[in-house]
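Student: I'd like a close look at a single part here, and how it sits against what surrounds it. Could you walk me through it in one go?

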Amino acid sequence: PPARLPVALAGRSYEVLVGEDLLSRAGALMAPVLPARRVAIVTDESVGPLHLDTLRGGLEAAGFEIRTTVAVPPGEGSKSFAQLAHVLEALMAAGVDRRTAVVALGGGVVGDLAGYAAASALRGLPFVQVPTTLLAQVDSSVGGKTGINLKAGKNLAGAFHQPAVVLADTATLATLPPRELRAGYAEVAKHGLLQGPLWDWCEQHGARAVAGEADALRHAVLESCRLKSAVVAADEREESAEGGRALLNLGHTFGHALEAECGYDGSLLHGEAVAIGLGLAARLSARLGRCDAGLPARVEAHIAAVGLPARIRDLPRGFTVEALMGRMRKDKKVRDGALRFVLLRAPGQVFTTGDVPAAEVEALLREEG
Ligand code: NAD
Ligand code: ZN
């Protein structure tokens, strides 16, 4: 049986189910939390051929009616108005009603797009996440954030729309390209640094998860979701500037700047940018005297050990300090020459601060070369 993690929200609570071969039992697992045995599936053109038949079988075995299946092109480009319109029109053409659930089968792109479609179709349809990337299983499928990108930036149109249940089937990760698996692992390492004991586990067993070993993946997904769901339960709508969901941005201020510079063209995956960001966050913490001087080396050693880039110099292209500083200033609204960052005291002890001098960040990036 799958492990069941409750996500306890003020309005309505739901469970994250983690285990193997959940797709083939999807109908039985979803039926108790859905108003009707009727679904519309949204996936992408890469995931569909690999896992759609298993999911369909699992739904039909429990008497579900599949009203329609929509497959969007794979990749970040599908978090667009055009694909949102395509999904919404397909839902309406299939005659969905308020009791028809939207099931997202895929990575974070499909989850964010399908979730936003579910939030807006008929002013809100029940929604089920069936994440098939490590990133989606440990991060994007839990927490209720959905949305698409605008020309002005990523994730700028969206809604909070919590799923009725999340089915994280770790067996689906077997078909994921190794680079995508590693990139998703960066968020596990991030959760480890936020949580503490999970970081120690990462140092000992993380490499086995990245190598695709089933028990290690299951543990990584389960413990990541435990951490994320606790954070989300305490701050569902990201209302706290200091604690709560803001802490999930560890490594992301640097990461987003690197990603934005690369233009989301697939040359630098989000998780790869976050991996470097974690190392830089540790370096910045040490530089400001907030953590043990040995922590940055420890973080970078683990990142490198799992095959992720640990330093900016590990990337095939260069970045100017000016460009990265410009991105971070835009991202974070500088106040009096100071930037907001999530910093580390030690694994399991993180905090946000709005008073990091821009000059210190700049000096750190210059050192990076
Ligand atoms: P993705 O959805 O693009 O998936 C990565 C690639 O893997 C795609 O090409 C996809 O077709 C393929 N794929 C997916 N599952 C597969 C499988 N089992 N086997 C083979 N191939 C498979 O990317 P992602 O990394 O999962 O998600 C990134 C997105 O998540 C970004 O848009 C990001 O903004 C979003 N995100 C959202 C949240 C949130 O809270 N909503 C949090 C973090 C990230
Ligand atoms: Zn992230």
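Student: Take helix α8: how many of the 21 residues of α8 are buried?

Tutor: Some ground rules come before the helix. This is a predicted model, where local features need pLDDT of at least 70, side-chain atom pairs count only at pLDDT 80 or more, and totals for chains, interfaces and linings use all residues. Residues are numbered from 1 along each chain as its sequence is written, while chains are lettered from A and ligands numbered from 1 in the order in which they are written.

Now your helix: 16 of the 21 residues of α8 are buried, so the rest of the structure largely encloses it. Buried means that 20 or more other C-beta atoms lie within 10 Å of a residue's own; exposed means 12 or fewer, partly exposed is in between, and C-beta atoms are placed from the backbone. Helices are DSSP runs of H or I with at least four residues, strands are runs of E with at least two, and both are numbered from the N terminus.

The length of α8 checks out too. Helix α8 covers residues 214-234, and at 1.5 Å a residue it should span 30 Å, which agrees with end C-alpha atoms 30 Å apart. (The expected span is 1.5 Å times one less than the number of residues.)

What does α8 lie against? There is an open sheet of 7 strands, ordered β1-β2-β9-β6-β5-β3-β4, with mixed pairing; two strands pair if DSSP finds at least two bridges between them. β1 (3-7) and β4 (65-72) are the edge strands, each with a single partner, so one side of each has no neighbour in the sheet. From one strand to the next, the twist averages 15°.

Within that sheet, β2 (residues 14-19) and β9 (residues 165-169) run parallel and are joined by 5 bridges. Val16 stands opposite Val166 in β9.

α8 packs on the sheet, touching β1, β2 and β9, and its direction makes about 15° with that of β1. Contact here means C-beta atoms, placed from the backbone, within 7 Å; axes are lines fitted to C-alpha atoms, for helices over the stretch in contact, and angles run from 0 to 180 degrees between N-to-C directions.

Helix α2 packs on the sheet as well, touching β3 (38-44), β4, β5 (101-106) and β6 (127-131). The direction of α2 makes about 165° with that of β3.

Terms used: Contact = placed C-beta atoms within 7 Å.
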